[in-house]
Each structure stands twice: as structure tokens, then as C-alpha cells.
Amino acid sequence: MAYFDHAATQPMRRSAVEAWVAASGALNSGAQYASGRHARSLLDDARETVAELLGCEPIEVIFTSSGTEADNIAVQGLYAAAAVAEAPGAGRVVTTRIEHSAVKEPVAALHAAGAHVDFLDVGRSGHVERFDALDAPAALATCMWANNETGAIQPITEIVERAQATGTPVHTDAVQVVGKQPVNFAELGVTTLAASAHKFGGPRGAGLLLAQRTPAPQPIMRGGGQERGIRPGTVDVASASALAAALRESLAESAEEAARVGVFRDQIREYMRNNIPGAVINTAEPALPGHLHVSFERTDGDSLILLLDQLGIEAATGSACNAGVNRLSHVLEAMGVEESLALGSLRFTLGPSTTQGDVDKLLTHLPEVIERARLVHG
Ligand code: PLP
């Protein structure tokens, strides 16, 4: 099987499995007796590793159950914190139209509850191009670092600078970036950052929120005081250990891996440009090296996926969360891609398991797959 859906999830790394097994007996890291202190020391190790690898202080690391949870805490929690502090921007949110649903839906819920929402517009390349909405204070500005569908890397530094001028906290959904590129939380200057372990070879169901001391998000779940009270609940020490091990390995090989998958991605892109009439490349630089999003005129995404699947090639139309429902992607819509073209899209995402053999297999079969999809489409 040739797997081209690494942005959705990827196999757990052996180092992560081993770290998980080694910590699987850990009991309650909040208890004072010996087994609790042992669990606590494993958790501290994981927290320190993450802090060292991502350029933050250990206290800024909050372990969560997913990237989705980290995004929800940041968006809802910073919004609530601004209200509690009666900050000048309270009641207002700045965001983009290309966020993953883990940010888009909490923002939509805040809007339904009365928040005023302003957008940073993206251009046809999928990058934020207009920053004016940042020139008035807001409870938070939230912009993903790299888009999960196109791979487009967003101008986060510029967003942070503009937001800081009005004292607006910034959240970034860095789920597609962490583990693939160096990240330095302190230098970046965002208030909060979300990441997800399974995107870099850690376990599914484990995530991270990096959160500066202040302004800290208000908790969205009430309970014990774990994780600074921001994410209450007995901590999953084994998953935290596995996440830290996967992050270490993933970052150690990230430069080499980016170059390796970048070569494969360019091969696929050039092949499509030269051999598939009506292929429109939606991934524009700067972008993650393992991402390629393409629309094929006169096709539909569902048929493309099924036809490829029959040949042992796995790809997706876009975000993992939309899989199975081929509707117009809000990301492509925001980029101004026409609906009929957008519906015939595929996202190829490459990662550690990708080989030249996988790429060759894809390129051998792609022309016939597109042709057959066009016959079905009529
Ligand atoms: N944010 C982005 C950009 C993603 O790509 C994903 C996963 O697809 C998430 C958030 C959600 O992460 P998780 O699967 O850990 O909830």
C-alpha cells in the first residue's frame, strides 16, 4: 500500500511505542506517595523534553487529549480570559477563513454567543494577505501556522507583530508544523500554540497546548488543578512520554526528512504539470515540503479516492475531519477556487514512510485514474 495521507495521521514511531510501554505502569502523577512521585518524575521528564525541544519553559507545557482540545482551550479560554480581565478587545475575535474545524467551530460557537468576528483574508495562494483586522484590539487573534489542506505556511511573525501593537493575544494552530520544522515558542511570541502527537509519530489522542503564563486561557472544563488548572483531569503519563519521544526523534530528522519528501513532492508536481491536462496545483510556496494539493478539472474527489484505493494508493480530498463527505472545502472557497474545480481535488501528503516506489506507483497509475474519473463524471 502506498500511503499519501500523512497529514491526517501517521504510524506511531517505535521510539514512541517503547516510551509508552515503559511508562504504561505509571499511576497518579498527582499523588504524594512513592508510586505517585515516580509517575510525576516521568511526567516531568516528558514536560522538560517538550520544553527544551520547542523553546519554552516546562510550566508553559500543557498536555491535552488532542490537537482539537488544545485549540478549543486556547480559543474559548483566551476569549473568556479577556472578558474576566475586561481587556480592551474583549468580545472580539480575529481569525482566518482557512482554519481547521478545531478552531473554526469554537470561533463559530463564540460568534453564535455574541462575539464579533473579523477575518484576515487569504489570496489565491492560500496565504493570509490582509492584516488590517489586527489593528484594533481583540480578545484573541487565531491563525494556523500551516494549512492542513494546502500546506501553505502563514505569515505568523507578521501577525504576531501586528497583534502585539494592540496588546492582542495570538493563538496559533501549529498541528501541521510541530515535529516537521524547528519551533521556538519564546521567539515566536504567540500566547498559545496547539500541537498533536499523532501528526509526528506519537499516539493518537494526545496533544499539547503551549501557554504563556499570562494571559492564560480560562479552563473550559472544570475539575482538579492538573496542568495549571487549564486542563484538569488525571494526566496520561504514558502518552506524554510517548509524545516527547516522538517529538525528539521527529525533530532530530526533520531537516533531512523535509529535503527527502520535498524531492518526491516536486517529482509528483512536475509530473502532473507536464502529463495531466487540467491539473491545477493549489499548493503555493511557502508551503510544507510534504504537501501537494491538486484539483483535476471534470472529476470528483470521491471517485478519485476510490479508484486510487482499488490500486492500493491512499490519498484524501482534504482535511481528515471531512473525509467521507465530499463537500466544497472552505479553504479552497476562501482561496477563490471555483466550486466545480474544487470538488475534484486530492491532497497528497508525504512522510517518513514514503518511498520512491510509492511515488512511482502513483505516477504510473495517475493518468488512467484521472481518465476513468472523467468518464464517470461525464
Ligand atoms: N488542527 C489541524 C491543522 C489539523 O490538521 C488537525 C488534524 O487533522 C487538528 C487540528 C486536530 O488534531 P487532533 O486530531 O489531534 O484532534
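Two strands count as a pair here if DSSP finds at least two bridges between them. All the views below come from a predicted model.

**View 1. A three-stranded open sheet, ordered β9-β10-β12, with antiparallel pairing.** Start at the rims: β9 (279-281) and β12 (345-349) are the edge strands, and each of them pairs on one side only. From one strand to the next, the twist averages 25 degrees. Now for the pairing of β10 (residues 291-296) with β12: the two run antiparallel, joined by five bridges. To pick out one of these strands' residue partners, look for His291, whose bridge partner in β12 is Thr349.

**View 2. Helices α8 and α9 against the three-stranded sheet.** Helix α8 (residues 254-275) packs on the sheet and touches β9, β10 and β12. Its direction makes about 15 degrees with that of β10. Helix α9 (residues 301-310) packs on this sheet too, touching β10 and β12. The direction of α9 makes about 45 degrees with that of β12.

**View 3. A seven-stranded open sheet with mixed pairing.** Reading across, the strand order is β2-β8-β7-β6-β5-β3-β4. At the edges stand β2 (61-64) and β4 (116-120); each has a single partner strand, so one side of each is left without a neighbour in the sheet. Ignoring direction, neighbouring strands here are turned by 20 degrees against each other on average. Zoom in on β6 (residues 170-173) and β7 (residues 192-196) and you'll find a parallel pair held by three bridges. On the β6 and β7 pairing, Thr172 has Leu193 of β7 as its bridge partner.

**View 4. Helices α2 and α3 with the seven-stranded sheet.** Helix α2 (residues 34-54) packs on the sheet, where it touches β2 and β8 (207-211). The direction of α2 makes about 115 degrees with that of β2. Helix α3 lies across a longer list of strands: β2, β3 (92-96), β5 (140-142), β6, β7 and β8. Relative to β7, α3 runs at about 165 degrees.

**View 5. The ligand and the 13 residues that surround it.** The closest of these residues are Gly67, Thr68, Asp173, Ser196 and Lys199. Helix α3 (residues 67-85) gives the largest share of the shell, three residues. By type, the shell splits into two nonpolar, eight polar and three charged residues. As for polar atoms, a side-chain one of Lys199 lies 2.6 Å from an oxygen atom of the ligand. His198 also has a polar side-chain atom facing up to a ligand oxygen, with 2.9 Å separating the two. Gly67 takes part through its backbone instead, with a polar atom 2.8 Å from an oxygen atom of the ligand. On its own the ligand has 390 Å² of accessible area, and the protein covers 91% of that.

**View 6. Two cis peptide bonds, one ending at Pro215 and one at Pro286.** The Thr214 to Pro215 bond is cis, with omega at about -5 degrees. Pro215 sits in the loop between β8 and α7 (237-252). The other cis bond joins Glu285 and Pro286, and its omega is about -5 degrees. To find Pro286, go to the loop between β9 and β10. Most peptide bonds are trans, which is why cis ones get a view of their own.

**View 7. Glu227, a residue other than glycine with a positive phi.** Its phi is near 50 degrees. Most residues other than glycine have a negative phi. You'll find Glu227 in the loop between β8 and α7, the loop that also holds Pro215.

Terms used. Residues numbered from 1 in each chain as written. Predicted model: local features only at pLDDT ≥ 70, side-chain atom pairs only at ≥ 80, totals over all residues. Heavy atoms only, no water. Helix = DSSP H or I, 4+ residues; strand = E, 2+ residues; numbered from the N terminus. Axes fitted to C-alpha atoms, helices over the stretch in contact; angles between N-to-C directions. Contact = heavy atoms within 4.5 Å. Near = heavy atom within 4 Å. Polar contact = N/O pair within 3.5 Å; in protein donor to acceptor, adjacent residues only side chain to side chain. Areas by Shrake-Rupley, 256 points an atom, 1.4 Å probe, with all protein chains shown as cover. Nonpolar A, V, L, I, M, F, W, Y, C, P; charged D, E, K, R; others polar.
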